[in-house]
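Biologist: Got a minute to go through this model with me? I'd like to start with the strands.

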Amino acid sequence: MTPEAKVKRKVKAILDELGAYHFFPLMGGFGRAGVPDIIGCYNGCFFAIECKAGSNKTTALQDRELEKIRKAGGVAIIINEGNIEDVKAAIQAHSGHRL
C-alpha cells in the first residue's frame, strides 16, 4: 500500500466513524481533473479532502479546485500523515455541530 493510500484509509475510517456520507470520485473519460480524493457531506456540510503523503504538494489544478469549493461555501482541506485529526476539526468548525 502506498503512503498516500494509507492516509486515505485513515481519513475514511474517521469519516466512517462519524457516519459522514463520502465517496472517492473515479477519474476517467468523463471525470474532471483536479477533483479532490474524497467528497462528502456531514450535517449539511459539504467537504472535499485532498490526501497527500509526506512532503507531497498539491498541483496548481488541485489548488484551483479546492479554492472553487471554498468559494462555494464548502470545506476543502489537504490532509497528510501529520494532520489527519484536522478532518474532524475542519468539518466541525464549518458545520457548526459538535461531532
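**Strands, a helix and some cysteines**

Modeller: β3 and β4 pair in the parallel sense, over 5 bridges. The chain crosses from β3 to β4 through α2, and this β-α-β crossover is right-handed. Bear in mind that the model is predicted.

Biologist: Which residue in β4 is the bridge partner of C51?

Modeller: C51 is bridged to I79 there.

Biologist: And β2 with β3, parallel or antiparallel?

Modeller: Antiparallel, again with 5 bridges between β2 and β3. I39 stands opposite A48 of β3. The two strands form a hairpin with 2 residues between them. N43, in the turn, has a positive phi of about 50°.

Biologist: How many residues of β3 are buried?

Modeller: 6 of its 7, so the strand is mostly covered.

Biologist: Switching to cysteines. How many disulfides does the structure hold?

Modeller: 0.

Biologist: Why no bond for C41?

Modeller: The closest cysteine sulfur to that of C41 belongs to C45 and is 6.9 Å away, which is too far for a bond. A disulfide needs the two sulfur atoms within 2.5 Å.

Biologist: And C51, why no bond there?

Modeller: For C51 the closest cysteine sulfur is also in C45, but at 16 Å, so that is too far for a bond.

Biologist: Are C41 and C51 buried or exposed?

Modeller: C41 is partly exposed, at 32% relative accessible area. C51 is buried, with a relative accessible area of 0%.

Biologist: Now α3. Which of its residues are buried?

Modeller: In α3, which spans residues 86-95, they are V87, A90, I91 and S95. Seen down the helix axis, these buried residues fall within an arc of 115°, so they line one face of α3.

Biologist: Why would that spacing in sequence give one face?

Modeller: An α-helix has 3.6 residues a turn, so residues three or four places apart point the same way.

Biologist: What do the buried residues of α3 pack against?

Modeller: They pack against helix α1 (3-18) and against three strands: β2 (38-42), β3 (45-51) and β4 (75-79).

Biologist: Last one, T58. Where is it?

Modeller: T58 is in the loop between β3 and α2, the helix of residues 60-71.

Biologist: Buried or exposed?

Modeller: T58 counts as buried because its relative accessibility is 18%, and the cut-off is under 20%.

Biologist: What does the side chain of T58 make a polar contact with?

Modeller: With the side chain of D63, at 2.4 Å. Leaving aside neighbours within four places in sequence, T58 is in contact with E50, K52, D63, L66 and I78.

How values were computed: Residues are numbered from 1 along each chain as its sequence is written. This is a predicted model: local features need pLDDT of at least 70, side-chain atom pairs count only at pLDDT 80 or more; totals for chains, interfaces and linings use all residues. Side-chain values use heavy atoms; hydrogens and water are left out. Buried means under 20% relative accessible area, exposed over 50%, partly exposed in between (1.4 Å probe, protein chains only). Helices (H or I, at least four residues) and strands (E, at least two) are DSSP runs, numbered from the N terminus. The arc is that of the directions from the helix axis to the C-beta atoms. Contact means heavy atoms within 4.5 Å. A polar contact is a pair of N or O atoms within 3.5 Å; within protein, one must be able to donate a hydrogen and the other to accept it, and residues adjacent in sequence count only if both atoms are side-chain atoms. Two strands pair if DSSP finds at least two bridges between them. A crossover is right-handed if, with the strands pointing away from the viewer, the path from the first strand over the helix to the second runs clockwise.
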